[in-house]
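Please open the structure in your viewer and keep the selection panel at hand, as this tour moves from one selection to the next and says what is to be found at each stop.

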Amino acid sequence: MRKNLSRALSVTLAGAMVVGTMAGTGLTAKAADTASGDKTTITVNVQAGPGAETAWKAVADAYMEKNPDVNVVVDLKPTEGYGDWLQNVFTSGGDTTTDIVNINLAGATKTGKSINFLEYADMDSPYSDGIWTDQFEFRQQVVDQANGTWDALSLDSVQVVWLYNKDIFEEVGVQPPKTWDEFVDVCQKLMDAGYQPLSVAGDFDSFWSTYMGWLAQIYADQTTRSMINVYRAQKGDYCYDPDVDADWEYDPADPFNDDTWKVNTNTVRAYKAFKDGEYDPASEGMRTVWTNLAKVFPKYAGGDAFFGTKDGIPLFYQGKAAITLDGAWRLVNYKNDMEKIASGEEITNKDEKIEGVQKFNIGTFNMPSMEGEGIEAPARTIEVANGFLGAVKKDKEHDAKVVDFLMFFSSSEGMGTYINAGIEDGLVINGPSLVYDVELPEDVAVLFEGLEFIGNCQKGSGTMLARGMASTNGDIQESYRQFYDYSYDYLSGKTTIDDWLAAHKANLEQYFPESMEKSGISESDLENPQNAPTGQ
């Protein structure tokens, strides 16, 4: 279904190991490969959710029918406390029945104890006509090329988009905007027609981790694309790979130019650039970005009420606001919610009941590009692969069986089985599957027909200075709180853009030392960015 979006894989996964030479340094398989003739048991311990158990059991049954020598056990775990449970699996050091997990929540405990899928990437798949990684969008997987590792299989597409009420747009006579100036114009016409143009959350959580934080990153990315030339891996760097980096050239016209499998980056060089003043959080580009954001927020998002808005969906569902911001998953949620209304059920969002819901035709449009001083490239969005399926490393024969199961899961047949069974039991998919040729139910497939992938802004260090100061090991809450406070003052008209830029720069400079410490980077490391950081 998405083959037409895929570009040919331009790098070869050189140095992939043969399975028979793998070192069996992982945890011990309990109740797995035992005496000759016994079945291999593969245990799926991912997080539970609506429709997930039904979906996984359908895949397990289909796989076992093809592989009668394998027993697949589906034992999903609660989301609450899952990270602690998973980290205990990796640190216990003893026997474990656990195989397939959501490995993104394992933290550093997974190091050396999870299966490296890169060792299997070029192997023929029994479930397609080619190698394993030809079954899905490999370009959207996160591969650590410097260390030669790939430990998370992510097959769900997640894309942040603007959603709009087609009926209101038609009534007012406006079209989805392609530039920010057009966006402002559309908002004004909607307001003149008596509608609130936008319904977007404006509280601290929004600026920190969701809607406004997304926009801050998306539009900062328009101003920082060329910084890749500064923090890319350079010849002699510990993370430089001549097969990948030697011939790479910066191309701002290509939104996928800086994908992780096309170029390696050196975070130490990004930190050094900030310290040296080369990477400037108060640049002319940032002036353009926040001047433009102030043209829209809070005026067209409810005025003063914007900052007290915790959920943008109710006004959008009620037909009072014409546009909202969310992930593409909202298309499926909306479809399901309208079906609930038709059957007399209540609709809730964030555990709050929504009254007065209106049914309307829903559409999407991508991020309108800003223009002006400091803008270097068209707008991208937050467009990532989700799922993060990893596997506990055991002995080589058991690991090969686990990977074979994941090869089936990531085939068109396996993923089709998973999605279709799950949807029947309430599974909400985030967007088009990254597995090729998956057949979705027609009423779901039609929802995604208008989506266009425009590139991901969340890679490298391009959004490092977009909001508060973070680290490679997590956000610094005090810095994000400051970011919200001075952004609130600026957008509400209490301060000027010059005040915002000065406060933003001071904030990031204040928490820069803490960020370095949490990232394991020292002043000495900044003096020698070609070396792997030691923190000493």
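Begin by selecting Q141 together with E137 in this predicted model, and look for the place where a polar atom of the Q141 side chain lies 3.5 Å from the backbone oxygen of E137. Q141 sits in the loop between β5 (100–102) and β6 (156–165), and with a relative accessible area of 1% Q141 is buried, because anything under 20% is counted that way. If you now show its surroundings, leaving aside residues up to four places away in sequence, you will find that Q141 touches F136, W150, A152, L153, S154, L155 and T260.

One of these neighbours, W150, leads to the next stop. W150 is, along with W56 and W132, among the residues with the most contacts inside the largest nonpolar core, which has 63 residues. Select W56 and its surroundings: beyond residues up to four places away in sequence, W56 touches V44, V46, V74, L76, L389, F405, F409 and Y418. There is also a second, separate core of 57 residues, which includes V200, F207, I218 and A220.

Next, select residues 211–224, which form helix α6. Is this helix enclosed or not, and how many of its residues are buried? The count is 14 of 14, so α6 is largely enclosed by the rest of the structure. You can also place a distance between its end C-alpha atoms, which are 20 Å apart, in agreement with the 20 Å that its 14 residues should span at 1.5 Å a residue.

For another helix, select α13, residues 396–409, which reaches 20 Å from its first C-alpha to its last, close to the 20 Å expected. Ten of the 14 residues of α13 are buried, and the helix is therefore described as mostly covered. Among the buried ones are F405 and F409, two residues that W56 touches. At the N-terminal end of α13, D395 acts as a cap, with a side-chain oxygen 3.2 Å from the backbone nitrogen of E397.

Now select E383, in strand β12 (residues 383–386), which counts as buried at 5% relative accessibility. What does the side chain of E383 reach at 3.0 Å? It is the backbone nitrogen of G455, while the backbone nitrogen of I454 lies 2.8 Å from a polar atom of the E383 side chain. Both I454 and G455 appear in the list of residues that E383 touches, which also includes Q140, V158, F256 and N456. For a longer distance line, join the C-alpha atoms of E383 and Y231, which are 152 residues apart along the chain and separated by 22 Å.

The next selection is T324 in strand β8 (residues 321–327), which is buried with a relative accessible area of 1%. A polar atom of its side chain lies 2.8 Å from the backbone oxygen of S199, and T324 also touches V161, W162, L163, G312, I313 and F316.

Finish by selecting D156, N386, L427, V428 and N430, which, of the 30 residues lining the second largest pocket, lie nearest its centre. This pocket has a volume of about 960 Å³. The elements that give two or more residues to its lining are α1 (52–66), β6, α12 (329–342) and α14 (412–424), and α14 gives the most, with three residues.

Terms used
Residues are numbered from 1 along each chain as its sequence is written. This is a predicted model: local features need pLDDT of at least 70, side-chain atom pairs count only at pLDDT 80 or more; totals for chains, interfaces and linings use all residues. Side-chain values use heavy atoms; hydrogens and water are left out. A nonpolar core is a set of buried Ala, Val, Leu, Ile, Met, Phe, Trp, Tyr and Cys residues joined through side-chain atoms within 4.5 Å. Buried means under 20% relative accessible area, exposed over 50%, partly exposed in between (1.4 Å probe, protein chains only). Contact means heavy atoms within 4.5 Å. Helices (H or I, at least four residues) and strands (E, at least two) are DSSP runs, numbered from the N terminus. A polar contact is a pair of N or O atoms within 3.5 Å; within protein, one must be able to donate a hydrogen and the other to accept it, and residues adjacent in sequence count only if both atoms are side-chain atoms. The expected span of a helix is 1.5 Å times one less than its number of residues. On a 1 Å grid over the protein atoms alone, a cavity is a set of points where a 1.4 Å probe fits but cannot get out, and a pocket is an open set with protein on both sides within 12 Å along at least five of seven lines; lining residues have an atom within 4 Å of a point. Grid points are joined across faces, edges and corners, and a volume is the space filled by probe spheres set on the points.
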